[in-house]
Structure formats: structure tokens, C-alpha cells
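Please walk through this model and explain how its chains are built and how they meet. Cover the secondary structure, the sheets, the contact between chains and the core.

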Amino acid sequence: MVENTIHATQAIVSLDVPLPQIIWGWMITLNMWAKSVGTGVILVGAFLLYRHKKEEMPNLRWLMPLIAFIFLNIFLFFTLTDLHHPYRMVNIFLHPHWTSAITVGAWMASLFTLLITILMLIGGLDAHPELRKNASCAKWLRGHSGLYETLFPFVVFLAIPVTLYTAIIMAEASARELWQAPAEVMQMMWAALLAGSAGLIFISGSWSKEARKDLALVLAIATFFSFTMYMGEYFFSFKSAEGEATLAYVHSGGAFNAEFWFAMVLGFIIPFFLAVSTMKSDNKTLLRFAAILALIGLYMAKDVWLKIPQMLPLS
Amino acid sequence: MKLGFLVDLNLCMGCKGCEIACKVENEVPLGSWRLRVKYIDIGTFPEASRNFTPLRCNHCESAPCERICPVSALHYLENGIVNVDSSRCIGCAGCMMACPYGAIYMDPETNTADKCTYCAHRVESGMMPACVVICPVQANIFGDVEDETSNISKYIMAHQGSGVQVRKPEKNTHPKHFYVGGGTQTLDPLAQERIEGYGLFNKITHLKHIGNPHESVIDRFLEPFKSEEKLDNRSFMNFDKPADKSKGGH
């Protein structure tokens with residue numbers, strides 16, 4: 001019988017050891033999410049500075065590096081915490097292996113955080129002239145205020161590889177075929193623009209209407225393309241056998257199905273329409289709501305994409 | 001010199017001697033395996049067969065684990081072995097994410113990545129790997145694949161065309177671990193159904209943790225300052241010490 005023939009070809013594992021499943025978990029999700037915010041505010045901030053006068057966004061000069069600093073430190077903290085030997089992180093600097101995207105990324109992210117710290121200190125001290133007025137370090141930084149504008153272009157260019165290098169780590173993690181896609185790089189970039197615009201929305205209350213309109217535009221475009229790319233990956237991509245088997249976890253209504261669709265609707269679809277509508281109405285509350293939803297949705301989307309390939313047995 | 005392995009699955013009878021020898025030789029902690037033998041049942045009764053597949057590190061010529069390791073804890077030896085230096089490993093688990101064969105584990109005693117090294121310490125002193133010595137049917141064949149006169153080279157030549165295979169060749173990792181007598185159903189995990197729950201012999205399940213399951217994230221930071229005795233396999237064999245009833249167990 002045909003059905004017996006089909007059954008006869010099935011192989012069943014009858015004795016094996018327990019296999020690890022999710023190795024990189026929520027800490028790595030949080031790590032990627034925080035890095036998207038940390039680099040994204042710089043990229044979107046640079047775009048706004050290119051389009052508008054500084055006077056239209058009076059607090060951008062010091063709050064932009066402050067947000068970046070906070071989220072980059074969250075990113076670095078969870079990078080460290082996820083290591084089974086956190087103190088040995090120093091080996092990346094003492095014994096670097098340059099073929100590893102983890103090494104290259106750690107060096108770039110450290111340099112980026114250092115530069116962001118300098119920008120934050122200069123910007124913060126300039127914005128608050130009474131703060132640490134007599135401290136010698138503060139005096140020196142205030143005296144070199146121009147360093148901010150000198151460093152800023154380098155920081156913007158460095159933000160691009162810092163936000164993208166995780167995609168290269170994913171590509172090097174060749175056991176998980178879902179990540180072996182060119183789309184991964186663009187997803188990281190859109191995630192940074194989405195998270196950056198959402199992050200800056202919270203400090204845009206005193207900005208000009210046009211600047212806020214541009215923020216809403218960036219958020220709308222980023223959510224639209226993020227959603228489109230996830231849909232492309234989900235429905236239309238023809239992947240390797242392992243990639244297809246991984247997506248089957250979501251397709252079949254498995255463990256991550258609900259989280260994935262929550263991410264798509266909450267994180268991308270609703271914020272897109274909210275952002276588009278606020279471009280005309282300039283409703284600050286609605287725009288902040290869109291930003292919160294986008295940040296939550298982005299976390300969930302990253303979480304699903306990180307975890308599902310790890311559900312597959314490799315041997 | 002390029003050391004390689006070949007397993008003749010036609011000879012393997014699933015005695016798991018290699019698995020045990022490896023554990024003893026390398027003091028592999030409980031719950032971890034450098035080498036494991038997987039049982040796969042194919043077909044329906046009475047036309048059913050049981051197949052045994054020993055699985056270990058493939059010592060790839062283009063090893064993804066070596067490439068992704070940020071500190072070169074995974075590195076090549078001159079004889080082609082992909083070795084691991086646990087004193088340098090930072091425990092990022094990048095190698096576990098990169099190895100297409102799932103051959104790397106996080107040692108629960110040292111909290112560092114570990115895997116089969118083809119018994120590099122034995123090979124260095126002119127001995128064969130422990131799993132080769134123990135195999136009662138000589139299903140494990142080990143040697144220099146660049147030496148045409150070696151047993152492994154002869155075996156590969158003798159069986160070429162009739163099924164010398166490697167796992168996942170499409171990954172372009174160029175494994176130096178070969179199989180004779182294998183097929184898709186034995187070598188491709190996607191061709192196998194892995195039904196979770198109690199089976200004929202054991203519970204097919206997943207590990208809930210990697211590394212030390214008793215160590216929290218905070219413990220990782222406090223680890224260098226701890227002086228308490230470490231848990232290892234010998235702890236379970238200390239019969240003089242009275243068992244702690246409050247913690248359960250036998």
C-alpha cells in the first residue's frame with residue numbers, strides 16, 4: 001500500500017541524548033534591541049540635523065547622545081551578562097580573532113560607546129552651564145565644545161557598522177539557516193531607524209512641527225519596510241530545507257506564532273498608521289503611543305527570529 | 001598531515017562502547033557528550049530496521065566554530081584537529097550557534113565550550129583516540145587522510161562511489177569525518193522524526209540549560225571569588241561522605 005510505503009520511509013529517533021534548544025535567549029534579544037535604539041537615535045538624529053536647524057530641536061544636542069549612551073550600556077551590560085565567563089571578555093581585546101564578527105563588533109561598539117560618552121559629556125555640560133562649573137574636567141570639556149561637531153560625522157558613520165555587525169554574527173552562525181539571508185542586514189538597518197525614531201519621539205515635545213513630522217515619517221517608513229521584509233521572509237522566500245523547517249514552527253501555529261503576529265500588528269502595522277496620521281494632525285500623544293508600540297513590537301519580532309532557528313535539531 | 005575519521009555504519013552495532021570510552025578518557029561531565037550514538041528506527045514492523053549513528057565533531061577543514069570564536073579558543077592544530085582551549089573561552093556560545101552538526105556543548109563544570117578533539121592528547125603521544133581502541137568491530141577508522149597508504153585513505157578509496165558520505169556537505173565546511181553505509185535517514189536530522197516524550201529506551205527531550213544548571217547569572221560574576229569545592233564526576237563517587245537527604249537523590 002502506498003500509505004505503508006510512505007510510513008516505511010519515516011525514520012524515528014528511538015534513543016538519543018537531550019539536545020540543547022534555545023542557547024541565545026532573551027538577553028541576546030534585549031542586547032540587539034538596545035543596540036538598535038543606541039545606534040538608531042544617532043542615525044535619525046543626524047538625518048534631522050541635516051534637514052532642520054538646530055534651534056528647531058533645542059535639546060537634541062545633549063539628549064541624543066544621552067539616550068544612545070544609556071541604551072549602548074544596556075547593550076554592553078547584557079552582552080557581558082550573557083557570557084558564561086564575563087570577566088574573560090577582556091580576551092577579546094587581548095587575544096582578538098579578526099575573522100569573528102563578535103570580535104570586530106566588540107571593538108567597534110566599544111569605540112562607538114567611547115565617542116558617544118564624549119559627545120554626551122560635552123553636550124550635557126554645554127546645555128547645563130551651572131553643572132560642575134568649577135570642576136577642571138568640566139572646564140576642559142566646555143573649552144573644547146567644538147570637538148562635538150568634529151566627532152559627530154565619524155560617530156554617524158560608525159553607527160552604521162555597529163548596528164549591522166550583528167547581522168554578520170548571524171551569518172557566521174551558519175548552523176541556523178534562517179539567518180543566512182541578505183535581508184538580515186536590511187532588517188537590522190530598518191530596526192535601527194525604527195528604534196531611533198521611536199526613541200527620539202519621546203524628547204520631541206518642544207521641537208518644531210516640521211521636525212516632528214519628519215520623525216513620524218521615518219517611523220512610518222521604517223515600520224512599513226520592516227513589516228514588508230518580515231512578510232517577504234515569512235511567506236515568499238524559498239529557503240533551504242532547514243530554513244523552511246524553521247519557519248514551519250511559526251507557520252504551523254507553534255510556540256512562537258502568537259508572538260510573531262503580535263509583533264507584526266503591534267510593532268509595525270498599528271504604529272505605521274498612527275505615524276502616518278500624526279504627520280498631518282501633529283498629535284504628540286498618539287505619536288508617543290506609536291513609538292511605544294513600535295519598540296515593544298520590535299523586541300518581540302527580534303525575539304521570535306532569534307529563537308525559532310534554535311528549535312531545530314542539528315544532528 | 002590531515003587527520004580524519006571514518007565510521008562504517010554497516011559494522012556499528014550500537015554498543016555505545018565508544019561513547020563510554022570517550023566519557024572516561026576525557027572526563028566528560030554528566031549530562032554532556034563529546035561523542036554520542038543515536039538510534040534511529042526505520043520502516044514498519046516486520047520490515048523495520050534499527051540504525052546506529054555515532055556523532056562527534058567533524059573537524060571541518062573550514063570550521064564555522066573556529067571562524068566565529070572571538071578569542072581563538074577554537075583553533076586548528078597542525079594535524080588538522082580543531083582543538084579547544086577552555087582557559088581562553090569566554091562562554092559566548094557563538095561556536096554552538098555556528099556548528100551545523102551540534103557537536104559543541106557548554107561544559108557544566110568549567111562553563112566553557114567543549115567538544116571532541118579526536119583525543120588530541122593521545123594522538124600527540126602516538127596513541128589512537130579512545131573510541132577507536134574500544135570499538136569491538138573496528139567500525140571507527142582513524143588516520144591521516146593525506147597519506148594514501150593509511151587505513152582510512154584505503155578505506156575511502158575502496159568504498160568510493162558506493163557511499164562515502166559526510167554530513168551536510170552543502171554547508172561547505174569540508175568535514176574530515178566520513179561515513180560508509182549511511183543514508184539520508186541516518187545522517188540528516190531533518191529526515192528523522194524526533195518525537196518528544198518517553199520512547200522505547202529513554203525520554204527524548206531537550207536540555208533546559210547550557211553550562212552549569214546550578215549557576216545563576218550573578219554567580220557568573222561572583223565565580224572568581226568563590227572558594228567552595230567544585231562539583232565534578234568524582235563528587236558522585238565519594239561513598240565515604242554521607243548523602244545529603246534534604247537534596248533528595250538516591
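The paragraphs below go from chain A to the contact between the chains, then to the sheets, the core and one loop residue.

This is a predicted model, in which local features need pLDDT of at least 70, side-chain atom pairs count only at pLDDT 80 or more, and totals for chains, interfaces and linings use all residues. Residues are numbered from 1 along each chain as its sequence is written, while chains are lettered from A and ligands numbered from 1 in the order in which they are written.

Chain A has twelve helices and two strands; helices (H or I, at least four residues) and strands (E, at least two) are DSSP runs, numbered from the N terminus. Along the sequence the pattern is α-β-β-α-α-α-α-α-α-α-α-α-α-α. Taken along the principal axes, the C-alpha atoms of chain A fill a box of roughly 85 × 55 × 25 Å. Of its 315 residues, 47% count as buried. A residue is buried if 20 or more other C-beta atoms lie within 10 Å of its own, exposed if 12 or fewer, and partly exposed in between, with C-beta atoms placed from the backbone. Two residues are in contact if their C-beta atoms, placed from the backbone, lie within 7 Å. Among contacts in chain A between residues at least 6 apart in sequence, 80% join residues at least 24 apart.

Helix 8 of chain A (residues 183-201) can be checked against its expected length, which is 1.5 Å times one less than the number of residues. For 19 residues the span should be 27 Å, and the end C-alpha atoms are 27 Å apart, so the two agree. This helix is mostly covered, with 16 of its 19 residues buried.

Next comes the contact between the chains. It takes 45 residues from chain A and 59 residues from chain B. On the side of chain A that touches chain B, the elements giving two or more residues include helix 1 (2-8), strand 1 (11-15), helix 5 (101-127) and helix 10 (241-251) of chain A. Strand 1 of chain A supplies the largest share of that side, five residues. By class, that side has 24 nonpolar, 16 polar and five charged residues. Here Ala, Val, Leu, Ile, Met, Phe, Trp, Tyr, Cys and Pro count as nonpolar, Asp, Glu, Lys and Arg as charged, and the others, Gly among them, as polar.

Strand 1 of chain A also belongs to an open sheet of four strands, in the order 3(B)-2(B)-1(A)-11(B), with mixed pairing. Two strands pair if DSSP finds at least two bridges between them. The edge strands, each pairing on one side only, are strand 3 (49-55) and strand 11 (192-193) of chain B. Within chain B, strand 2 (residues 36-42) and strand 3 are antiparallel over seven bridges, and B:Tyr39 stands opposite B:Phe52 in strand 3. Across the chains, strand 1 of chain A runs antiparallel to strand 2 of chain B, with four bridges; A:Ala11 has B:Ile42 as its bridge partner. With strand 11 of chain B, strand 1 of chain A pairs in the parallel sense over two bridges, and the partner of A:Ile12 is B:Glu193. A separate pairing joins strand 2 of chain A to strand 14 (residues 206-207) of chain B by two bridges, in parallel. There A:Leu19 stands opposite B:His206.

Chain B has another open sheet, with four strands in the order 8-1-10-9 and mixed pairing. Its edge strands are strand 8 (140-144) and strand 9 (164-165) of chain B. Strand 1 (residues 3-8) and strand 8 of chain B are antiparallel over five bridges, with B:Val7 partnered by B:Asn140.

Which residues have the most contacts inside the largest nonpolar core? They are A:Leu194, A:Leu219, B:Cys65 and B:Cys95, in a core of 147 residues. Such a core is a set of buried Ala, Val, Leu, Ile, Met, Phe, Trp, Tyr and Cys residues joined through C-beta atoms within 7 Å. Helix 12 (residues 284-307) of chain A gives the most to this core, with 13 residues. Leaving aside neighbours within four places in sequence, B:Cys65 is in contact with residues including B:Leu74, B:Val82 and B:Cys95.

Finally, B:Pro213 lies in the loop between strand 14 and helix 8 (217-222) of chain B. It counts as exposed because it has 10 C-beta neighbours inside 10 Å. Its C-alpha atom is separated by 9.8 Å from that of B:Asn111, 102 residues apart along the chain.
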